[in-house]
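Visitor: I have a protein chain on my screen and some questions about it. Can you walk me through it?

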Amino acid sequence: DVDVEAALRKVHRRMAEPAEAVVAMPSPARRLRIDRIERAAAPASRRWRLIGSLAAAAALVLTAIGIWNARRASGVAPTATAMTWSTAVGERDSVRLADGSTVILGPSSELDVAAGYGASEREVELRGEGYFAVVHDAARPFTVHSGGATIVDVGTTFSVRDDADASVRVAVTSGSVRVSRGSSADSGVVLAARDVVTLAGDAPASVARSAVTAGDTAFTRGALVLRDAPLSQVATELRRWYGIELRVADSATARRRLTATFAGESPEQAMAIIGAALGARLERRGDTVIVR
C-alpha cells in the first residue's frame, strides 16, 4: 500500500529545502539577500534537477491519492492474504473485517477469510459459533459457509451455530438472510428478523418464524443458555465452553433434555447444576464426564 501521508511529508520537506545551504545570519534581510544571490548563481542544471524531483514526487502523490480515492469509492480495501481467527475453550473474540463488518466468535470457534476478500466478493467460512454484523454491499454479497450451509446477507445481523451433530442453526436478529444447503447461494429460504432455521443432515429445513430467543446471542455476552436441549447439544456446548467431553452411560439418560443457564460458573459448578437438573450422577475422569 502507498503511504500517502508519508509521500506528502516528503514533498513538503523537499519544497522547503533551498537550492544551496545557507549559513544562519543574524539579520533576516541579509539571509534573504544571500539566498537570492546563491540561487541566481546556481547552474541551470541544478535548478532543473530540483524541479524534476519535485514533479516526480508530486506525480507519486497524485497516483497514491488516485488509488486511495478508488478504494474509498469501492468501500473495501481487498484483503491481501488469507486470514484465520480462532478461539480457545471458553474464549470469545471480536473480529473486524476489511469492509467494516464485525464478527463475534464464540468459544472453540474458527473463522477463515480468503485472500482477496472484498475485491469482487466477500466470503468467509465458520466452524463453531459466530455473530455477524454485516456492512451491506449489494455489489459484493456477504456469504458465510458453515457446516454444509450457505448464508447470504441481505443487510443484517445474525448468528450461526455449527453443531458437531451436522446441524446448523441460523438466527436473524435484524434485516434478512438467505440460507441454502451446500455452496450454492442462488436458492434456499429467506429469513426475516427474528426468524430461525435449522438444517440437519438431509432433512428438510426447519423454519420457525419469530422464534429468536435470548439464547441465540447469549454467547456474545459470555453466557451459555440451553433451552430444552438434547444431551448431544449439551455435549457440544460443554466441549466449547469448558473443554469437557460428556458421555452418557445408558440410552434412557441419553433421551433426557436440559434447560439451564451458565454465566461464569466453574466446571465443577456447571457439572453440579447438570447433575441436579437431570437427576443423574456425574463421574469426572480428567476432561471426561460420564452421566449415569
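The questions and answers below go from the whole chain to a pocket, some rings and two single residues.

Visitor: How many helices and strands are there in the chain?
Guide: Keep in mind that this is a predicted model. The chain has 292 residues, and 36% of them are buried. Its regular elements are 6 helices and 19 strands.

Visitor: What share of the accessible surface belongs to carbon and sulfur atoms?
Guide: Start with the total. The accessible surface of the chain is about 15,500 Å². The part from carbon and sulfur atoms is 54%.

Visitor: What share of the contacts with a separation of 6 or more is between residues 24 or more positions apart?
Guide: A contact here means heavy atoms within 4.5 Å. Take the contacts with a separation of 6 or more. Residues 24 or more positions apart account for 44%.

Visitor: Which element gives the most to the lining of the largest pocket?
Guide: The largest pocket has a volume of about 350 Å³. Of its 18 lining residues, R161, R169, R227, A229 and Q233 are the closest to the centre. Two or more lining residues come from each of strand 10 (167-174), strand 15 (224-230) and helix 4 (231-242). With 6 residues, the element that gives the most is strand 15.

Visitor: How many residues in the lining of the largest pocket are charged?
Guide: Sort the lining by class. There are 4 nonpolar and 6 polar residues. The charged residues number 8.

Visitor: Where is R256, and is it buried, exposed or partly exposed?
Guide: R256 sits in the loop between helix 5 (251-254) and strand 17 (257-262). Its relative accessibility is 36%. Buried needs under 20%, and exposed needs over 50%. The value for R256 lies in between, so R256 counts as partly exposed.

Visitor: Which residues does R256 touch, leaving out those up to four places away in sequence?
Guide: One partner is G279, 23 residues along the chain from R256. The C-alpha atoms of R256 and G279 are separated by 10.0 Å. The full list for R256 is A229, P230, L231, L278 and G279.

Visitor: The rings of Y117 and F142 make a pair; is it stacked or edge-to-face?
Guide: The whole structure holds 3 aromatic pairs, by search. In this one, the ring centres of Y117 and F142 are 6.5 Å apart and the planes stand at 80°. Planes over 60 degrees apart count as edge-to-face. So the pair of Y117 and F142 is edge-to-face.

Visitor: How many residues apart in sequence are the parts that Y117 and F142 tie together?
Guide: Both Y117 and F142 are buried. Y117 is in the loop between strand 4 (110-113) and strand 5 (122-127), while F142 is in strand 7 (residues 142-146). The parts they tie together are 25 residues apart.

Visitor: And the rings of F132 and F158: stacked or edge-to-face?
Guide: F132 belongs to strand 6 (residues 129-133) and F158 to strand 9 (residues 157-162), 26 residues apart. Both F132 and F158 are buried. Their ring centres are 5.2 Å apart and their planes are at 15°. Planes under 30 degrees apart count as stacked, so this pair is stacked.

Visitor: Which residues form one aromatic cluster?
Guide: Gather the rings from the two pairs above. One cluster holds Y117, F132, F142 and F158.

Visitor: Is T143 buried or exposed?
Guide: T143 has its place in strand 7. Leaving out residues up to four places away, T143 touches R122, E123, V124, T150, I151 and V152. Its relative accessible area is 7%, and the limit for buried is under 20%. So T143 is buried.

Technical notes. Residues numbered from 1 in each chain as written. Predicted model: local features only at pLDDT ≥ 70, side-chain atom pairs only at ≥ 80, totals over all residues. Heavy atoms only, no water. Helix = DSSP H or I, 4+ residues; strand = E, 2+ residues; numbered from the N terminus. Buried < 20%, exposed > 50% of the residue type's maximum accessible area, 1.4 Å probe, protein only. Areas by Shrake-Rupley, 256 points an atom, 1.4 Å probe, with all protein chains shown as cover. 1 Å grid on protein atoms, 1.4 Å probe; cavity = no way out; pocket = protein on both sides within 12 Å on 5 of 7 lines; lining within 4 Å. Points joined across faces, edges and corners; volume = space filled by probe spheres on them. Nonpolar A, V, L, I, M, F, W, Y, C, P; charged D, E, K, R; others polar. Phe/Tyr/Trp six-rings, centres within 6.5 Å; stacked < 30°, edge-to-face > 60°.
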